[in-house]
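Here's a quick tour of how some helices pack in this model, and of the empty space left between the atoms. Have the viewer open as you read.

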Amino acid sequence: MKVIVITGASDGIGAEMARQLAHTHGSGVALVLAARSESMLAQVSGQCEALGAQSLVVQTDVTVQEQCNRLVAAAIERFGRIDALINNAGRSAHALFEEVADLGWYEELMRINLWGSVWCTHAALAHLKASKGSIVAVSSIVGLVGVPGRTAYAATKFAMTGFFETLRMELKGAGVSVTTAYPGVVATKVRVRGFNAEGKPAGVSKLKEDDAMSVEECARLIIDGMNRREREVVMTAKAKLGRFLKLVAPGVVEDMALAAVKDDAKPR
Ligand SMILES: NC(=O)c1ccc[n+]([C@@H]2O[C@H](COP(=O)([O-])OP(=O)(O)OC[C@H]3O[C@@H](n4cnc5c(N)ncnc54)[C@H](OP(=O)(O)O)[C@@H]3O)[C@@H](O)[C@H]2O)c1
């Protein structure tokens, strides 16, 4: 039986990955579901168990290193091994830098998106080496190309990109794969929940959402990438083009990034 730990499994992409893995593997998978909301995790756990999977809910705030350690310990205590760790927990943010009075939430965002992933990976590493398992990091297109209004978020996701790119090389000989996923705009509540300039939940999305990818497709692409042990899952044509174009024509990419932002959220 495969044991897969998923952070940010209470909603959105993480919850959908859990359901798809349960659907595909049935009784052949045990899902360890982590996030802060125990009641939402319990719902996802019920959905996975109805599909035949085993599951364990571990209430976890990934901004606290001891809780990341406890998550891994709980997985090992219950199932005895870890085959994959999916670092998906994350929060969004949208604010023009000059509008931010207190930068405290910039640090908080780094603890959620970067440090949560680093701490969980550190705690699980020996177990992943033992199983020759897989690590997944859910970064963002904003981990490849900056977008106006996203200094904080881009910093966390570029940091994830660099951390996991380097770790991938370090773990090559150990047989542990590291897959970094770069979703574009996916239809979840992530932007509504993200920080605004005051460090409060934004309540609205500042990005154009017309072309949003479904959460089902995004989850499927990440799982496929993990199963194939791919280095990267770059999900949209825009991201594929943007990362190369910025080396030769950065001004064009800046215009593309600006065009993704709603008019009332553009820099003045
Ligand atoms: N949706 C997109 O367009 C998009 C695009 C690019 C990248 N991403 C990335 O994809 C990942 C999943 O996002 P999503 O769209 O599925 O968002 P979502 O629906 O808001 O889900 C975010 C998940 O992260 C959890 N989480 C947030 N803070 C946490 C903390 N401190 N400790 C533990 N868990 C925490 C949330 O659970 P609790 O609130 O219960 O803790 C929730 O399960 C994130 O890393 C995000 O940056 C999303």
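How many nonpolar, polar and charged residues does the lining of the second largest pocket have? Keep in mind that we're looking at a predicted model. The split is 3 nonpolar, 1 polar and 6 charged residues.

**The pocket and the cavity**

That second largest pocket has a volume of about 190 Å³. If you want to pick out its walls, select Glu165, Arg168, Met169, Lys172, Val176, Ser177, Val178, Arg229, Glu230 and Arg231. Two elements, α5 and β6 (177–182), each give two or more residues to this lining. Helix α5 provides the largest share, with 3 residues.

Now for the enclosed space. There is 1 cavity of 30 Å³ or more, and the largest cavity comes to about 40 Å³. Its lining consists of Ser92, Ala93, His94, Arg150, Arg191, Gly194, Phe195, Ala202, Val204, Ser205 and Lys206. Sorted by class, the lining of this largest cavity has 4 nonpolar, 4 polar and 3 charged residues.

**How the helices pack**

Three helix pairs are worth a look, and here's their geometry side by side.

| Helix pair | Axis distance | Crossing angle |
|---|---|---|
| α4 (residues 104–131) and α5 (residues 151–170) | within 9 Å | roughly 20° |
| α1 (residues 12–25) and α2 (residues 38–50) | within 8 Å | roughly 15° |
| α1 and α7 (residues 215–227) | 9 Å | about 65° |

Start with α4 and α5, whose axes cross at roughly 20°. That makes α4 roughly parallel to α5, and α4 passes α5 in a right-handed crossing. On the α4 side, the contact uses Trp105, Tyr106, Leu109, Met110, Asn113, Leu114, Ser117, Val118 and Thr121. Facing them from α5 are Thr151, Ala152, Tyr153, Ala155, Thr156, Lys157, Ala159, Met160, Phe163, Phe164 and Leu167. The contact of α4 with α5 breaks down into 14 nonpolar, 5 polar and 1 charged.

Next up, α1 and α2. Their axes cross at roughly 15°, so α1 and α2 are roughly parallel to each other. This crossing is right-handed. From α1, Ala15, Ala18, Arg19 and Ala22 meet Val44, Gln47 and Cys48 in α2. The contact of α1 with α2 counts 5 nonpolar, 1 polar and 1 charged residues.

Helix α1 also packs against α7, at an angle of about 65°. Here too α1 makes a right-handed crossing as it passes α7. Which residues do the touching between α1 and α7? In α1 they are Gly12, Ile13, Glu16, Met17, Gln20 and Leu21. In α7 the partners are Val215, Glu216, Cys218, Ala219, Arg220, Ile222, Ile223 and Met226. The contact of α1 with α7 divides into 9 nonpolar, 2 polar and 3 charged residues.

**Putting it together**

Helix α5 turns up in both parts of this tour: α5 packs with α4, and α5 gives 3 residues to the lining of the second largest pocket. Helix α1, for its part, meets α2 through residues including Ala15 and Ala18, and meets α7 through residues including Ile13 and Met17.

Notes: Residues numbered from 1 in each chain as written. Predicted model: local features only at pLDDT ≥ 70, side-chain atom pairs only at ≥ 80, totals over all residues. Heavy atoms only, no water. Axes fitted to C-alpha atoms, helices over the stretch in contact; angles between N-to-C directions. Helix = DSSP H or I, 4+ residues; strand = E, 2+ residues; numbered from the N terminus. Parallel < 35°, antiparallel > 145°, perpendicular 65-115°, else oblique. Left-handed = near helix turned anticlockwise from the far one by under 90°. Contact = heavy atoms within 4.5 Å. Nonpolar A, V, L, I, M, F, W, Y, C, P; charged D, E, K, R; others polar. 1 Å grid on protein atoms, 1.4 Å probe; cavity = no way out; pocket = protein on both sides within 12 Å on 5 of 7 lines; lining within 4 Å. Points joined across faces, edges and corners; volume = space filled by probe spheres on them.
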